[in-house]
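Me: Please examine one part of this model closely and describe the empty spaces it borders and the partners it packs against. A single connected account would suit me best.

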Amino acid sequence: MATQIISSSRLTFCCYIYKHKHLKGTLLQLPLKLPMATQNPEMLQTQFHQPHLGRTSLPHEAVAAGTNSSISVKATVTVKLTDGGCSSCLLGLCNPLDNISDLLGKSLLLELVSAELDPQTGLETRPISRYAHRVGQEDGDVIYESEFVIPGDFGEIGAVLVQNEYRSEMFLKYIVLNGLPNGPIAFNCGSWVQSKFDDPEKRIFFSNKSYLPSQTPRGLKDLREKELANLRGNGEGERKTSDRIYDYDVYNDLGNPDSKSELGRSVLGGNENYPYPRRCRTGRAPCQTDPLSETRSGSFYVPRDEEFSEVKEASFLTKTVDSVLHALKPSLETSLLDSNLGFPLFSDIDQLYYQGITIPKLKNPGLLQRILPRLVKAVSDAKDRLLKFETPAMFLKDKFSWLRDEEFSRQTLAGVNPYSIKLVMEWPLKSALDPDVYGPPESAITKELVERGIKGFMTVDEALEQKKLFIIDYHDLLLPYVSKVRQIEGTTLYGSRALFFLTPDCTLKPLAIELTRPPMDGKPQWKQVFTPGLEATDHWLWKFAKTHFLAHDSGYHELVSHWLRTHCATEPYVIATNRQLSVMHPIYKLLHPHLRYTMQINALAREVLINADGIIETSFSTRKYSMELSSAAYDQQWRFDREALPADLINRGIAVEDPSASHGLKLLIEDYPFANDGLILWDALKQWVADYVNYYYKDASMVQSDPELQAWWTEIRTKGHEDKKDEPWWPVLQTPEDLIGIIATIAWVASAHHSAVNFGQYAFAAYFPNRPTIARTNMPSEDPTREGWKRFLDNPHFELLVCFPSQVQATKVIAILDVLSNHSPDEEYIGEYMEPAWGEEPDIKEAFERFSARLKELEVIIDARNADNSLKNRGGAGVVPYELLKPFSEAGVTGKGVPYSISI
């Protein structure tokens, strides 16, 4: 019978245990179905004597109290054998000295810690220590055992201290104690434990029970404080890859001035010119040529338990983006010779998906196939290799949809960047920039021009009164960078805005795109408004204007909606949570799944995506000023109190408060797929957070008197987002309602917001005419020469191709978007997996089950909405249905699925 249980539950265990590799020493309860921890069937039956289903936890209390005599307890320790790196010979089994340790039975030192003070002395009860010895190996795990004799008055076991006696790190999965009166207890460790020769400090693993600071058992108080002190570090020295220290620093490692002076970049954060959130401190030496910048030598440190699991690592393609660049970029540039070469024909773009592109034989062809298994559809055995890309969903549905204005408008509501559209709240449109520097502030979009576009519907005054005019406005954000960007070869820039009219069928009709160049190079300000004209020249100029505007929208999406508002803003939450909230704290346990892998993916972004001469700088319109633009957006636009979905919608004028309406909001654009699906998810998420918080915090005094919680929120504001610490809009943390709003906002940003702007990237942007990342030439109508205007009139088709990204730029971006749109096999979707600690309390378990059920209902609702022909922004002939907020997904590039965290 026991053997059957093991066999049937092996996959369940792997998904559950190994996915917690990143945990920083949390003692999680194991699911009741466990893989075999020993080859002794009798012991197995002793360990797992109850019929367990689902993800229910084992009893957490290990109590010897109540017995008058000592009891014998067996500890079984399971360690994961890992591939490659410092763990390729896990535990140093190749080291003769470690083999001697095994022979002597001194592989691991375990100390059981009582949660109670010694009743006789009033001091901490002396821990009971024993060595664990290696007894076998099974399915990639190494098994160790130890025997303890527990006195009858020892009390509840609240923690285990572990010391690794080997000379290499180990990944400690779990510890099971058998023989206790109340049944076995499992300590889910899910953490890397360093060799005592590298770190002599014993690792602390607490039980899975949650305690507010005031409720901490007296025998564990000092350990609780000590573990937090260990995680904070002292702010000194360079971090090693094995460290578990969380600290703050500015973004001073994006440039590489010691390599080339032109690769120097401004420090973001810590100064008035470039305010920014903080990143994880690495402590590397300053650059020789710029002491304010940090060298980029060595690895980009993240705390050891924040790194990807092996499953995630394999899915994320070993070195991920870096590997893509090293494997693909040189071959592309070699084959194309001219890195600025565009696509001669639109059919050549299509061949990326139909026939592929020929690249020279790679030095390591297997590397490319491992890195891009989904993209490399066919690789010939000939001298040259053929690289094919997977057909994007939008191109597969309708390869001509990018040409339609209706699709251009629809994607502002149901595409990959639904966060920019907002209500026109002032008329006439006007810039807030200094007219002495940037020219006349009045927009060239006039009342007469708009009324031509909405003729037959209403006047401009009526449209404003009825809230029918909407805008995406990047004018003032981009205009200060136009003259600087235009000094870079192969790109151009404008201040831009696009105006839309809400039609009776709830679709948006594009009315105008305005492009502006400030006074520069002795020329006055230039601005022009483009409209969807029927005449041939106007029609083509409109296509060019859309290309420029979409390039701006792509840059804003990647740098602001995606990177800044999710990845970058969240890293301080990760750091503060680990520094200020004990793993025993219930709010730590609530937040933990929402913080998974974020620091690792952000470090990779600093390494190869947002760095000087990285993907963003070489492939997006703002080039070397991209991160400065992100800083400007943080300065001008980012506010924590507007990051929750309802607050965001209200701020953009898309919704108004209405207690009688669903979700308490009335949407002005009723068919707004992102908002409609998002509000259901938001309500479910906030209710789950409310149920959880209210269980632990009965009144305001409990919130106000929680020192860890108050230190956590203070540090987020004053350290993590230090450049905005004095802003008056930060929420106060005085009541359970305050805490619910703060936690729900963080959880929303990490889960649904990120999913909405990330997992549709390949579907909508991998066919780059739909969302070009860069426009490389000026508008044909801007100060045209006779020859240039003639080229445009004679062959506008070719001139548009020249304006599009180059072949190298486009191909690199396609490859990266596929990687970033991918769900790994060990993805944890919101509401699908219950953290073991949540199952400890019946009320919390029931609340989670309600949350999960509501998300399953959302899946059905989204399918029904997408099948509703009256909702024109959700579907239709050749339209990609909106599924980005469907909570669950299979692995791969699916265009759906909401993970708990920013995991890619």
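The account that follows concerns helix 16.

Reply: The model is predicted, so local features need pLDDT of at least 70 and side-chain atom pairs pLDDT 80 or more, while totals for chains, interfaces and linings use all residues. Residues are numbered from 1 along each chain as its sequence is written, and side-chain values use heavy atoms, without hydrogens or water.

Helix 16 spans residues 536-580; helices (H or I, at least four residues) and strands (E, at least two) are DSSP runs numbered from the N terminus. The open space comes first. The largest pocket has a volume of about 1,000 Å³. On a 1 Å grid over the protein atoms alone, a pocket is an open set of points with protein on both sides within 12 Å along at least five of seven lines, a cavity is a set where a 1.4 Å probe fits but cannot get out, and lining residues have an atom within 4 Å of a point. Of the 34 residues lining the largest pocket, Lys 422, Ile 471, Asp 473, Gln 637 and Asn 651 are the closest to its centre. Two or more lining residues come from each of strand 13 (422-423), strand 14 (469-473), helix 14 (475-478), helix 16, helix 20 (626-637) and helix 21 (645-651). Helix 16 gives the most, with four residues. By class, this lining has 16 nonpolar, six polar and twelve charged residues.

Enclosed spaces come next. There are ten cavities of 30 Å³ or more, and the largest holds about 240 Å³. Its 18 lining residues have Glu 558, His 562, Leu 609, Ile 616 and Leu 820 closest to the centre. Helix 16, helix 18 (598-608), helix 19 (615-619) and helix 29 (807-820) each give two or more residues to this lining, and helix 16 gives the most, five. The lining divides into 14 nonpolar, three polar and one charged.

The second largest cavity, of about 200 Å³, is lined by 18 residues, of which Trp 402, Phe 408, Lys 546, Leu 550 and Asn 770 lie nearest its centre. Helix 10 (405-414) and helix 16 are the elements that give two or more residues there, and the largest share, six residues, comes from helix 16. Eight nonpolar, five polar and five charged residues make up this lining.

Two helix partners complete the account. The axes of helix 16 and helix 25 (residues 736-758) come within 10 Å and cross at roughly 155 degrees; the pair is therefore roughly antiparallel. Angles under 35 degrees count as roughly parallel, over 145 as roughly antiparallel, 65 to 115 as roughly perpendicular and the rest as oblique. On the helix 16 side, the residues in contact (heavy atoms within 4.5 Å) include His 557, His 562, Arg 565 and Tyr 573, which meet residues of helix 25 including Ile 746, Val 749 and His 753. This contact has four nonpolar, nine polar and one charged residues.

Helix 27 (residues 786-794) packs on helix 16 at about 100 degrees, with the axes 11 Å apart, and the two are therefore roughly perpendicular. Thr 537, Trp 540, Leu 541 and Phe 544 of helix 16 make this contact with Trp 789, Phe 792 and Leu 793 of helix 27. By class, the contact has six nonpolar, one polar and no charged residues; Ala, Val, Leu, Ile, Met, Phe, Trp, Tyr, Cys and Pro count as nonpolar, Asp, Glu, Lys and Arg as charged, and the others, Gly among them, as polar. For the volumes, grid points are joined across faces, edges and corners, and the space filled by probe spheres set on them is taken. Axes are lines fitted to C-alpha atoms over the stretch in contact, with angles from 0 to 180 degrees between N-to-C directions.
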